[in-house]
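Reader: I would like a close look at a single part of this model, with the cut-offs behind each term spelled out. Please take the sheet and what packs on it, and then follow the side-chain pairs from there.

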Amino acid sequence: MTVRVLVRATPRAEDRERFEEAYRTVTATVRGTPGHLDDELLRDGDSYILLAEWESEEKFRAWEDAPEHLEMAAPMLPYWGDGGVERRIYEVRARLDSL
């Protein structure tokens, strides 16, 4: 069953443009990772949500635990901001097209 990984961060105002550019770099690098289906970067005022879709929680966690994970994500790390990062994993239980 697919999962959505939601990561919320609030980069400093002066870092927002660089944060978005770093996201584009990271998402291009992650594309093709086994189990990774898609992702989006959403913004609401000062905060961002990176919303990623994975084939399963197990595949996401395997990537997250792999040594290359930090290397792939490195361009975004300086911009996560002082507010910390919140991450949640949601299992997709129903979709509009499955009703």
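Author: Strand 2 (residues 36–44) pairs with strand 3 (residues 47–54) in the antiparallel sense, over eight bridges, where pairing requires that DSSP find at least two bridges between two strands, and where helices (H or I, at least four residues) and strands (E, at least two) are DSSP runs numbered from the N terminus. The two strands form a hairpin with two residues between them, and Gly45 in its turn has a positive phi of about 65°; Asp44 stands opposite Ser47 of strand 3. This is a predicted model, in which local features need pLDDT of at least 70 and side-chain atom pairs count only at pLDDT 80 or more, while totals for chains, interfaces and linings use all residues. Residues are numbered from 1 along each chain as its sequence is written, and side-chain values use heavy atoms, with hydrogens and water left out.

Strand 3 also pairs with strand 1 (residues 3–9), again in the antiparallel sense, over seven bridges, and within this pairing Leu50 of strand 3 is the bridge partner of Val7. The hairpin thus belongs to an open sheet of four strands with antiparallel pairing, in the order 2-3-1-4. Strand 2 and strand 4 (85–91) stand at the edges, and because each has a single partner strand, one side of each is left without a neighbour in the sheet. From one strand to the next the twist averages 15°, with axes taken as lines fitted to C-alpha atoms, for helices over the stretch in contact, and angles running from 0 to 180 degrees between N-to-C directions.

Helix 1 packs on the sheet, touching strand 2 and strand 3, and its direction makes about 170° with that of strand 2; contact here means heavy atoms within 4.5 Å. Helix 2 likewise packs on the sheet, where it touches strand 1, strand 3 and strand 4, its direction making about 150° with that of strand 4.

Thr27 is found in helix 1 (residues 16–30), and its side chain is joined to that of Asp39 by a polar contact of 2.6 Å, that is, a pair of N or O atoms within 3.5 Å of which, within protein, one must be able to donate a hydrogen and the other to accept it, residues adjacent in sequence counting only if both atoms are side-chain atoms. Thr27 counts as buried because its relative accessibility is 13%, buried meaning under 20% relative accessible area, exposed over 50% and partly exposed in between (1.4 Å probe, protein chains only).

In helix 2 (residues 57–65), Glu57 and Arg61 are four residues apart and so separated by about one helical turn, and their side chains meet in a salt bridge (2.7 Å, N to O), defined as a side-chain nitrogen of Lys or Arg within 4 Å of a carboxyl oxygen of Asp or Glu. Glu57 is partly exposed at 32% relative accessible area, and Arg61 is partly exposed at 33%. Arg61 also meets Glu64 in a salt bridge (3.8 Å, N to O), these two residues lying three apart in helix 2, about one turn of the helix. Elsewhere, salt bridges that share partners join Arg12, Glu14, Asp15 and Arg18 into one network.
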